[in-house]
Protein chains: 2
Amino acid sequence: MAKLYHVPLSPFCRKVRLSLAEKKIEVELVEERYWEQDADFLRRNPAGKVPILKIDGKTMAESAPICEYLEEQYPEPSLMPKSADNRYEVRRLVAWFDDKFHNEVTSNLLYERVNRKLTGQGYPDSKNVKLGAQKIKYHLDYMAWLLDHRRWLAGDTMTLADFAAAAHLSSLDYISDVDWNRSEVVKDWYAKIKSRPAFRSILADQVSGFRPPAHYADLDF
Amino acid sequence: MAKLYHVPLSPFCRKVRLSLAEKKIEVELVEERYWEQDADFLRRNPAGKVPILKIDGKTMAESAPICEYLEEQYPEPSLMPKSADNRYEVRRLVAWFDDKFHNEVTSNLLYERVNRKLTGQGYPDSKNVKLGAQKIKYHLDYMAWLLDHRRWLAGDTMTLADFAAAAHLSSLDYISDVDWNRSEVVKDWYAKIKSRPAFRSILADQVSGFRPPAHYADLDF
């Protein structure tokens, strides 16, 4: 069986978990306290990061290349459109969330509030938290603008772009950092993706020391 | 004709330039002082970054998705192998250079020495420069290890992984920050890739205020 070394609230790990689950690839989840840089883990992954996926006799790092591999090796159900134009748009949005959204929002909110505590680095820097809380508004508005024109973020079908976005937002929702009242279309989109069977394991995550809000696992939030 | 908004020493722009040139796609290069956040540029690209490629009636951002698009739309000559395994390895290495190498080396050397001056932010921080100079050794050794086992970085054929690596190294070579004596195989690899016609425009780059060393454009360095 495939094995995924992960951290429950890591958006990069969640994106891979969503892809695996949507494609019905069975996987054993192994929680990895990567910041302790355990020698075994560093042997598996010299870059010292999660996710690490063991599958088909190989050990793989880097969430975007992993998801592209899963798409090519396990094409059904597909999470990528057919045309080069639409595939570009999916990849652009995956990069948008994993790079821009990650740097502006996830780092300032999730990493300040959760990772600092988990890794013993103390209290959140309130300047960063404030910045992240500001920036997420702009990103939710951008998503609303996309969803006013499209059924899913990158077009008419659900793709890796939706999983990248939902991975970040679900981790932030776990710490009550998403204002779902800001946009009706974004809330509807999240309700749709949240109700997929692939989302179940993510909604069941529990991180010791951090209790999710009541609406976190509620499909009718 | 396609149009690329770029900055000469940006490794992300250079990677796209190499892909375009290798595929013999004619392109007009437009230098973009993106840090001045000119209103026209922000209209073209709300993320405020380079490269921006105008091609086939579309405006595209993000170097990795752009290169994947070029590969799908202009498949010859191919810069991606055929099997899912090998394609994963290419994408992993592109991410390695554009993420890890970029953060550890390019940011600490190129951005400190060149971008700070160009954007009017003053002198390099010597702590960062020292760190970058240390880290590049480790990356050159990693490349040497790969090239001891393979003809090109990701396998037996030249791929986007080689262009990603060569894009970063060529920009650093422009400011004399690459010790080519560290590894014979890395030097041989760079000589091979540097002598391709696709590399010519990069070797002809001139950045005002920064003179490249004599060996920069020399194929027999």
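**Exercise 1. Find Ser176(A) and Ser176(B), then work out what is special about their backbone and whether they are buried or exposed.**

Step 1: Start with the place. Ser176(A) sits in the loop between α6 (160-174) and α7 (184-194) of chain A. Keep in mind that you're looking at a predicted model.

Step 2: Check the backbone angle. Phi of Ser176(A) is near 60°, a positive value, and this residue is not a glycine. For background, most residues other than glycine have a negative phi.

Step 3: Look at the surroundings. Ser176(A) has a relative accessible area of 45%. Buried would need under 20% and exposed over 50%, so Ser176(A) counts as partly exposed.

Step 4: Hop over to chain B. Ser176(B) lies in the loop between α6 (160-174) and α7 (184-194) of that chain. Its phi is positive too, about 60°, and with a relative accessible area of 46% Ser176(B) is partly exposed.

**Exercise 2. Which residues are joined by a cis peptide bond in chain A, and which in chain B?**

Step 1: In chain A, take the bond between Glu76(A) and Pro77(A): it's cis, with omega about -15°. Pro77(A) belongs to the loop between α3 (63-73) and α4 (84-118).

Step 2: In chain B, the cis bond links Glu76(B) to Pro77(B), with omega about -15°. You'll find Pro77(B) in the loop between α3 (63-73) and α4 of chain B.

Step 3: For context, most peptide bonds are trans.

**Exercise 3. Compare the end-to-end distance of helix α4 of chain B with that of a straight helix, and find where the kink is centred.**

Step 1: Helix α4 of chain B covers residues 84-118, which is 35 residues. A straight helix at 1.5 Å a residue would reach 51 Å, but the end C-alpha atoms here are only 41 Å apart.

Step 2: Now look for a bend. α4(B) has a kink of about 70°, centred on His102(B).

Step 3: See how covered the helix is. In α4(B), 26 of the 35 residues are buried. α3(B) is mostly covered as well, with eight of its eleven residues buried; among them are Ile66(B), Cys67(B) and Tyr69(B).

Step 4: Move just past the end of α4(B). There Gly120(B) takes a positive phi of about 70°.

**Exercise 4. Trace the chain from β1(A) to β2(A) and give the handedness of the crossover.**

Step 1: Strand β1 (residues 2-6) and strand β2 (residues 27-31) of chain A pair in the parallel sense, over five bridges. One pair of bridge partners is Tyr5(A) and Val30(A).

Step 2: Between the two strands the chain passes through helix α1 (residues 11-22), making a right-handed β-α-β crossover.

Step 3: Stop at Pro8(A), in the loop between β1 and α1. Pro8(A) is buried, at 7% relative accessibility. Leaving out residues up to four places away in sequence, Pro8(A) touches several others, including Glu31(A) and Asp205(A). Pro8(A) and Ser171(A) are 163 residues apart in sequence, but their C-alpha atoms are 8.6 Å apart.

**Exercise 5. What turn lays chain A on chain B, and what kind of axis is that?**

Step 1: A turn of 180° with a shift of 0.0 Å along the axis does the job, with an RMSD of 0.0 Å.

Step 2: That's how a two-fold axis relates the copies.

Step 3: Of the residues of chain A, Asp99(A) comes closest to the rotation axis, its C-alpha being 4.9 Å away. Both copies use the same surface: 100% of the contact residues of chain A recur in chain B.

How values were computed: Residues are numbered from 1 along each chain as its sequence is written. Chains are lettered from A and ligands numbered from 1 in the order in which they are written. This is a predicted model: local features need pLDDT of at least 70, side-chain atom pairs count only at pLDDT 80 or more; totals for chains, interfaces and linings use all residues. Side-chain values use heavy atoms; hydrogens and water are left out. Helices (H or I, at least four residues) and strands (E, at least two) are DSSP runs, numbered from the N terminus. The expected span of a helix is 1.5 Å times one less than its number of residues. The bend at a residue is the angle between axes fitted to the seven residues ending there and the seven starting there. Buried means under 20% relative accessible area, exposed over 50%, partly exposed in between (1.4 Å probe, protein chains only). Two strands pair if DSSP finds at least two bridges between them. A crossover is right-handed if, with the strands pointing away from the viewer, the path from the first strand over the helix to the second runs clockwise. Copies are superposed by least squares on the C-alpha atoms of residues with pLDDT of at least 70 in both. Contact means heavy atoms within 4.5 Å.
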